[in-house]
Amino acid sequence: MLDRFKVPDEIAVRVKQEDMRHAVEGIFKALEMPAAEAEAAADVLLYADIRGIDSHGVSNMMRAYVAMFRAGQMNPKPNLHRTLDHMAAINYDCDRGLGLAQSREMMMAAVERAKETGVAVVTAMNGRHYGACAYYAHVGLDHDMVGISMTAGGLLVAPTQGAERLLGLNPLGIGAPSDKEAPFIFDASMSSVAGNKIELLRRVGGHVLPGWVTDVDGAPVMEETQVPQDFMMLPLGGTREIGSHKGFGLSFMIEILCGMLQGTGGGPHRRKGTAHYFMAFDIARFTEVALFKEDMDAYLRSILDCKPAPGESRVVYPGLPEHETEIERRANGIPYHPEVVEWFKKTTAELGVEHNLP
């Protein structure tokens, strides 16, 4: 997490993860989610918070979910069911359910099927927001799998050289197990920066960097400034000159695999809500698991041993900063903005939910 997104230490309220988890589960249950689904949803959110993926933790997302439940935009008791099952290919209808509560089950379906077929893909339609991709990519590691997950939702991104919101933020998550080193866990949107990080900036009064967003007319904003009132996100890369066509292409790929592959359309033509994608590779079907992990350790260590560029203290790889953050936050609590803690106190009081928040 870049410093510009962090809550300043001098105002941060440190909360034990179990205390926040209790409050989150209580809110979901008060909104008529069954206990198992409430616990599953809370697990995804606290995974994000404990690993420093604050953009997809409780700070941003809980108020959005509460508003959606209250507005009837999500089904608290959905009938998650398979519409297709063809060996290595499975599709689910999420029945307007909260993706956080459903998606571990679908990732596990990919893992279990990959044990039989070597590689398996699970797609899902008619869903709602599923949180941090990293969570689902991480699921396969304990089963000696390489995990991949993607989701297409929201329309905030303009295509390269375009001035309309035609692409989702479309994050991609990939996880691969290792032995002695912290595992490789990559999670990034195909937009210039995750859309939820803009909300973090608004909360802490931060600035957007050049190449993150457009102005109201679609022109890339190429100077550091306050978050514009009306903007579009740019694809990963920012502008054509520094590679936004690559982010645009990857984002379009996710629209294809998440939506069009299962017949629910892409971009502004999507039907039946948010669409998800889960994939698992059984490493043992390709090489020896121990050798794979040995090779991962060697490669990861070479990244850590890389000579830093001028002005840099070290080189890291995806998953290591989150691993280190998890160790620190488990020991010292998760830092939240005071406004977030107050929102939880207000919301739990409205819903009659007990909590142990400070």
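Helices here are DSSP runs of H or I with at least four residues, strands are E runs of at least two, and both are numbered from the N terminus. The model shown in these views is predicted.

**Figure 1. Helix H6 and the residue that follows it.** The buried residues of H6 are Gly195, Asn196, Lys197, Ile198, Leu200 and Leu201. These buried residues pack against helix H3 (58-70) and strand E8 (207-208). After H6 comes Gly205, whose phi is positive, near 75 degrees.

**Figure 2. The largest cavity.** Two cavities of 30 Å³ or more are counted in the model. The largest of them has a volume of about 90 Å³. Its lining consists of 11 residues, and Val7, Asp54, Ser59, Leu200 and Pro335 are the ones nearest the centre. Helix H6 (195-204) and strand E11 (334-336) are the elements that give two or more residues to this lining. Leu200, one of the residues nearest the cavity centre, is also among the buried residues of H6. Sorted by class, the lining holds six nonpolar, two polar and three charged residues.

**Figure 3. The second largest cavity.** This cavity has a volume of about 40 Å³. Met33, Glu37, Phe69, Asn75, Pro76, Pro78, Leu98 and Ala101 line the second largest cavity. By class, these residues divide into six nonpolar, one polar and one charged.

**Figure 4. The second largest pocket.** The volume of this pocket is about 300 Å³. Of the 15 residues that line the pocket, Asp43, Tyr47, Tyr135, His138 and Glu326 lie nearest its centre. Two or more lining residues come from each of helix H1 (17-30), helix H2 (35-50), helix H5 (133-139) and helix H9 (320-332). H2 gives the largest share, four residues. The lining of the second largest pocket is made up of six nonpolar, two polar and seven charged residues.

**Figure 5. Aromatic rings around Tyr135.** Nine aromatic pairs are counted in the model. One of them joins Tyr135 and Tyr136, whose ring centres are 5.1 Å apart with 75 degrees between the planes, an edge-to-face pair. Tyr135 counts as buried because its relative accessibility is 5%, under the 20% cut-off. Tyr136 is buried as well, with a relative accessible area of 0%. Ring pairs link both tyrosines with Tyr47, Tyr130 and Phe278 into a cluster. Of the cluster, Tyr47 and Tyr135 also appear among the residues nearest the centre of the second largest pocket.

**Figure 6. The nonpolar cores.** In soluble globular proteins, nonpolar side chains tend to be buried together. The largest nonpolar core in this model has 61 residues, and Val24, Phe28, Leu45, Met62 and Phe344 touch the most other members. Met62 is in contact with Val24, Ile27, Phe28, Leu45, Trp343 and Phe344, leaving aside neighbours within four places in sequence. A second, separate core has 13 residues, including Val157, Val208, Trp212 and Val221.

**Figure 7. Met232 in its loop.** Met232 lies in the loop between strand E9 (225-226) and helix H7 (244-258). Met232 counts as buried because its relative accessibility is 6%, below the 20% limit. Residues up to four places away in sequence aside, Met232 touches Leu156, Ala158, Ala163, Glu164, Arg165, Val213, Thr214, Asp215, Val216, Asp217 and Gly218. Between Met232 and Arg165 the C-alpha to C-alpha distance is 6.7 Å, while in sequence they are 67 residues apart.

**Figure 8. Thr274 in strand E10.** Thr274 is part of strand E10 (residues 274-282). With a relative accessible area of 15%, Thr274 is buried. Its contacts, not counting residues up to four places away in sequence, are Ala124, Met125, Asn126, Gly127, Arg128, His129, Thr151, Ala152 and Gly153.

**Figure 9. Met87 and Arg96, residues with positive phi.** Met87 is not a glycine, yet its phi is positive, about 55 degrees. Met87 sits in the loop between strand E2 (81-86) and strand E3 (89-93). Its relative accessible area of 55% makes Met87 exposed. Arg96, also a residue other than glycine, has a positive phi near 65 degrees. Arg96 is placed in the loop between E3 and helix H4 (99-117). At 30% relative accessibility, Arg96 is partly exposed, because this class lies between the 20% and 50% cut-offs.

Note on methods: Residues numbered from 1 in each chain as written. Predicted model: local features only at pLDDT ≥ 70, side-chain atom pairs only at ≥ 80, totals over all residues. Heavy atoms only, no water. 1 Å grid on protein atoms, 1.4 Å probe; cavity = no way out; pocket = protein on both sides within 12 Å on 5 of 7 lines; lining within 4 Å. Points joined across faces, edges and corners; volume = space filled by probe spheres on them. Nonpolar A, V, L, I, M, F, W, Y, C, P; charged D, E, K, R; others polar. Core = buried A, V, L, I, M, F, W, Y, C linked by side-chain atoms within 4.5 Å. Buried < 20%, exposed > 50% of the residue type's maximum accessible area, 1.4 Å probe, protein only. Contact = heavy atoms within 4.5 Å. Phe/Tyr/Trp six-rings, centres within 6.5 Å; stacked < 30°, edge-to-face > 60°.
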